[in-house]
Every structure is written in C-alpha cells, then in structure tokens.
Amino acid sequence: NGMRHGQGKLTYDSLCQSYYDGQWKNNEQCGAGIMKYRSGNVYDGEWKSCRRHGNGTMYWNDSREKYIGEWRNGVQHGKGEHVWFMDQTDNSQFPMCNRYVGEWIDGIRQGKGTFYYASGGQYTGTWLSNMKHGEGRFILPNGQAIEGLFKNDRFVNQ
C-alpha cells in the first residue's frame with residue numbers, strides 16, 4: 001500500500017545530514033529510532049505518532065545540552081536528567097555544567113528534583129514552572145545550607 005511499516009531509514013536532504021532511522025507503523029515513526037536533525041541535534045529513543053514519546057536521549061549540539069529520560073508528546077515529561085554544558089575554565093581540569101535530575105511536566109522542571117550548579121551549589125526540593133518553589137534545601141558552594149520555603153525561585157525568610 002506504499003506506507004512505511006517496519007524498520008527503515010528516511011533521509012530528508014541530499015547530503016544525508018538529516019534523517020530518521022528506526023521503526024515505522026502505518027507511515028509514522030513509532031517504536032525505537034534515531035532522528036538526526038539538520039542542526040546536528042540527535043534524538044535516540046522511543047517514538048509514538050512521529051513524536052518523541054517514551055524513554056530517550058536528546059543531544060542539542062547547537063546549545064550544548066543533553067537530556068536522558070522520559071518523553072511525552074515530543075517534550076520532557078516524567079523523570080529525567082538534563083545537562084547544560086559550559087566551557088572549561090582555565091582553573092578547572094573538567095568541563096563545567098549545570099545539571100538537573102528530577103521530575104518534568106510538559107517540558108518544564110516541576111515536582112521533586114535536584115539542580116547541581118556549575119559553581120558547586122545544589123538545590124534539592126520542589127520545583128514549579130522551572131523555579132524553586134516549595135520546601136527545599138540549597139547548599140551554597142562554601143557548604144552552608146539554607147533550608148525551608150522557596151517561592152518564585154527565592155528563599156522566603158520565615
């Protein structure tokens with residue numbers, strides 16, 4: 001019937017720089033597959049109805065980010081780890097990065113999670129709309145801890 005079904009590769013440009021290589025069902029990306037975008041970004045994971053859906057890893061080469069975890073309808077949703085890579089400084093032997101490990105809802109940090117800052121700080125607690133919001137604990141780079149209520153990304157003195 002001319003519809004893609006089973007394993008196959010579809011190339012989107014003449015230089016083969018943009019393609020999908022994976023499973024198809026009724027002419028849609030469905031199941032395990034790899035999508036390489038023209039930007040150089042790559043998604044390797046599960047698909048449903050031509051969208052990232054299930055478990056997978058996305059590399060954003062253009063913005064130097066990586067996400068490993070759950071997806072729903074094309075966005076981060078469920079539990080996952082997102083890393084933002086930064087340039088290595090002269091006084092560091094390792095590349096710097098910010099890293100969040102926790103819950104996502106519709107592509108935003110929401111629920112319980114821990115954010116590890118490149119500066120050495122760390123926040124563990126509740127998130128709402130990508131902001132620290134609710135009970136949490138922030139450990140400063142010097143080791144001092146601030147614990148209590150956060151609202152709109154700020155500690156609330158009680």
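## Burial and overall form

A residue is called buried when its relative accessible area is under 20%, exposed when that value is over 50%, and partly exposed in between. By this standard, 34% of the 158 residues of the protein chain count as buried. The model described here is a predicted one.

The C-alpha trace of the protein chain spans about 65 × 35 × 20 Å along its principal axes. Its radius of gyration is 19 Å, whereas a compact globule of 158 residues would have a value near 15 Å.

## Strands, contacts and surface

The protein chain contains zero helices and 13 strands. Read along the sequence, the pattern is therefore β-β-β-β-β-β-β-β-β-β-β-β-β, with each strand counted as a DSSP run. Of the contacts between residues at least 6 apart in sequence, 8% join residues at least 24 apart.

About 9500 Å² of the protein chain is exposed, and carbon and sulfur atoms supply 48% of this area. The charged side chains comprise 19 positive and 16 negative ones, and the centres of these two sets lie 3 Å apart.

## Trp 84 in strand β7

Strand β7 covers residues 75-85 and includes Trp 84. Trp 84 counts as partly exposed because its relative accessibility is 21%, and the buried class requires a value under 20%.

The side chains of Trp 84 and Glu 65 are joined by a polar contact of 3.3 Å. Leaving aside residues up to four places away in sequence, Trp 84 also touches several others, among them Arg 64, Met 96, Cys 97, Tyr 100, Arg 109 and Phe 115. Between Trp 84 and Tyr 67, the C-alpha to C-alpha distance is 9.0 Å, and the two residues are 17 apart in sequence.

## Asp 106 and Thr 114

Asp 106 is placed in the loop between β8 (97-105) and β9 (108-116). Although Asp 106 is not a glycine, it has a positive phi of about 50°. Its relative accessibility is 51%, so Asp 106 counts as exposed.

Thr 114 is located in strand β9. With a relative accessibility of 12%, Thr 114 counts as buried. The side chain of Thr 114 makes a polar contact of 3.1 Å with the side chain of Thr 124. When residues up to four places away in sequence are not counted, Thr 114 touches Arg 99, Tyr 100, Val 101, Gln 122, Tyr 123, Thr 124 and Trp 127.

## Asn 130 and Lys 132

Asn 130 lies in the loop between β10 (122-128) and β11. This residue has a positive phi of about 70° and is not a glycine. Asn 130 counts as partly exposed because its relative accessibility is 28%.

Lys 132 belongs to strand β11, which covers residues 131-139. Lys 132 counts as buried because its relative accessibility is 8%. A polar contact of 3.3 Å links the side chain of Lys 132 to the side chain of Tyr 117. Apart from residues up to four places away in sequence, Lys 132 touches residues including Tyr 117, Tyr 123, Thr 126, Trp 127, Phe 138 and Phe 150, as well as Lys 151, Asn 152, Asp 153 and Arg 154. Tyr 123 and Trp 127 are touched by Lys 132 and also by Thr 114 of strand β9.

Methods
Residues are numbered from 1 along each chain as its sequence is written. This is a predicted model: local features need pLDDT of at least 70, side-chain atom pairs count only at pLDDT 80 or more; totals for chains, interfaces and linings use all residues. Side-chain values use heavy atoms; hydrogens and water are left out. Helices (H or I, at least four residues) and strands (E, at least two) are DSSP runs, numbered from the N terminus. Buried means under 20% relative accessible area, exposed over 50%, partly exposed in between (1.4 Å probe, protein chains only). A polar contact is a pair of N or O atoms within 3.5 Å; within protein, one must be able to donate a hydrogen and the other to accept it, and residues adjacent in sequence count only if both atoms are side-chain atoms. Contact means heavy atoms within 4.5 Å. The radius of gyration is taken over C-alpha atoms; the globule rule is 2.2 Å times the number of residues to the power 0.38. Accessible areas come from the Shrake-Rupley method with a 1.4 Å probe; for residues, only the protein chains shown count as cover. Lys and Arg count as positive and Asp and Glu as negative; His and the chain ends are not counted. The place of a charge is taken as NZ of Lys, CZ of Arg, CG of Asp or CD of Glu.
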